[in-house]
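Hello,

Here is the structure I promised to pass on to you. Have a look at it first, and then read on for my notes.

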Amino acid sequence: IHEGSCLMVHSSTDGIGLRTGGRVIDNQLQVAAELLKFLKTILGPTGTLVMPTHPHYRDDPGFMFNKTGLRLTYDPLRTPSKVGLLTEIFRRSSGAIRSRHPLSSVAAAGPLAQEIVGGFPNAGDLPHGEHSPYKRFCDAGGLIVGINVSLINALTIVHVAEELRDADWHVDDFFYERSFEIAEGGTKVAAVVRERHPKWARSISLKALRGDLAREGHIVERTVDGVRVGFANAAGVVNYMLARNAFSTYPYFFLRKSRHDGQ
């Protein structure tokens, strides 16, 4: 990571303390604020910082449930992030803008922020597909960092590979439609988007995927001063997976034997 990088951060501040000026900061809010300041300092004015800000919906029963009939309201400015304190502080910070897709949204700040998050979604768009911030992040040569998390469990970019296939993906009913309202300038706009059907969630083998990506050098994980840290090259991950799933459902296995029906 250096000045001018395009960086996506997955993180957890649980249990992290910072040593600074001879003292230890262990308040999570302060830790998150200092960590954000540190990341922005490393990237400098020419760098772009990106974080997932998957929306938290109070009435959402959870990702394993079929939500065909559920209609939720997404406000990019007000709907909180559910993927960590650092992401919530970042999306509220000066200069950060957030994507409009009501699923797997991201916030970004820096010269490439508008290019990454703007103009999305269109009707039927997938959250990680061709027009998504995740695909644009890959195109920008983005580097992913995990701080105090298992990177493979947080690595949203892996879904780009299956969603780029879209109509050519090998499972006909892999994606299903979701209805939302998106708040915009005091009004609400109806939006129909798509996502992976929850009945396939248990068919993905993250353990096998992690082993493959690590062996090929696309992800690296270490422990630094007691904190788990991981790195991944976004384009490298996606291109490797596209090569593997050209004639298969990699890294999904035994899809038709999935025991979860999504109900």
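The aromatic pairs in this predicted model come to eight by count. One of them joins Trp169 and Phe174: the ring centres are 5.5 Å apart and the planes meet at 65°, so this pair is edge-to-face. Both partners are covered, with Trp169 buried at a relative accessible area of 4% and Phe174 buried at 0%. Phe174 also pairs with Trp200, and here the planes are at 5° with the centres 6.4 Å apart, so these two rings are stacked. That second pair ties together distant parts of the chain, 26 residues apart: Phe174 lies in the loop between helix H6 (159-165) and S9, while Trp200 lies in the loop between S10 and helix H7 (206-215). Trp200 is buried as well, with a relative accessible area of 3%. If you select Trp169, Phe174, Phe175, Trp200 and Tyr252 together, you will see a cluster linked by ring pairs.

Another ring to look at is that of Tyr250, because the charged end of Arg244 sits over it, 4.0 Å from the ring centre. Arg244 also belongs to a network of salt bridges, in which it is linked with Asp212, Arg215 and Glu216.

On to the other charged pairs. Side chains of opposite charge can pair when their charged atoms come close. Over the whole structure, the search gives 18 salt bridges. Lys135 is a good place to start, since two of the bridges I looked at involve this side chain:

- Lys135 and Glu130 meet at 3.7 Å, N to O. 
- Lys135 and Asp139 meet at 3.0 Å, N to O.

Which of these residues are buried and which are exposed? Lys135 is buried, with a relative accessible area of 15%, whereas Asp139 is exposed at 55%. Glu130 counts as partly exposed at 46%. Asp139 and Lys135 are both in helix H4 (residues 133-139), and because they are four residues apart there, about one helical turn separates them. A further salt bridge brings the side chains of Glu221 and Arg228 together at 3.6 Å, N to O. Arg228 is partly exposed, with a relative accessible area of 37%.

Now for the strands. Strands of a sheet pair through backbone hydrogen bonds, either parallel or antiparallel. Strand S8 (residues 143-147) shows both senses, running parallel to strand S1 (residues 6-11) with five bridges between them, and pairing with strand S12 (residues 227-233) in the antiparallel sense, again over five bridges. On the S1 side, Val9 stands opposite Val145 of S8. On the S12 side, Ala232 is the bridge partner of Ile144. S8 is mostly covered, as four of its five residues are buried.

There is also an open sheet of three strands, in the order S5-S9-S10 and with mixed pairing. Its edge strands are S5 (71-74) and S10 (187-196), each of which pairs on one side only. From one strand to the next, the twist averages 35°. Strand S9 (residues 175-184) pairs with S10 in the antiparallel sense over 10 bridges, and within that pairing Ser179 has Val192 in S10 as its bridge partner.

Happy browsing, and do write back with any questions.

Best wishes

Note on methods
Residues numbered from 1 in each chain as written. Predicted model: local features only at pLDDT ≥ 70, side-chain atom pairs only at ≥ 80, totals over all residues. Heavy atoms only, no water. Buried < 20%, exposed > 50% of the residue type's maximum accessible area, 1.4 Å probe, protein only. Helix = DSSP H or I, 4+ residues; strand = E, 2+ residues; numbered from the N terminus. Pairing = 2+ DSSP bridges. Salt bridge = Lys/Arg side-chain N within 4 Å of Asp/Glu carboxyl O. Axes fitted to C-alpha atoms, helices over the stretch in contact; angles between N-to-C directions. Phe/Tyr/Trp six-rings, centres within 6.5 Å; stacked < 30°, edge-to-face > 60°. Lys NZ or Arg CZ within 6 Å of the ring centre and 35° of its normal.
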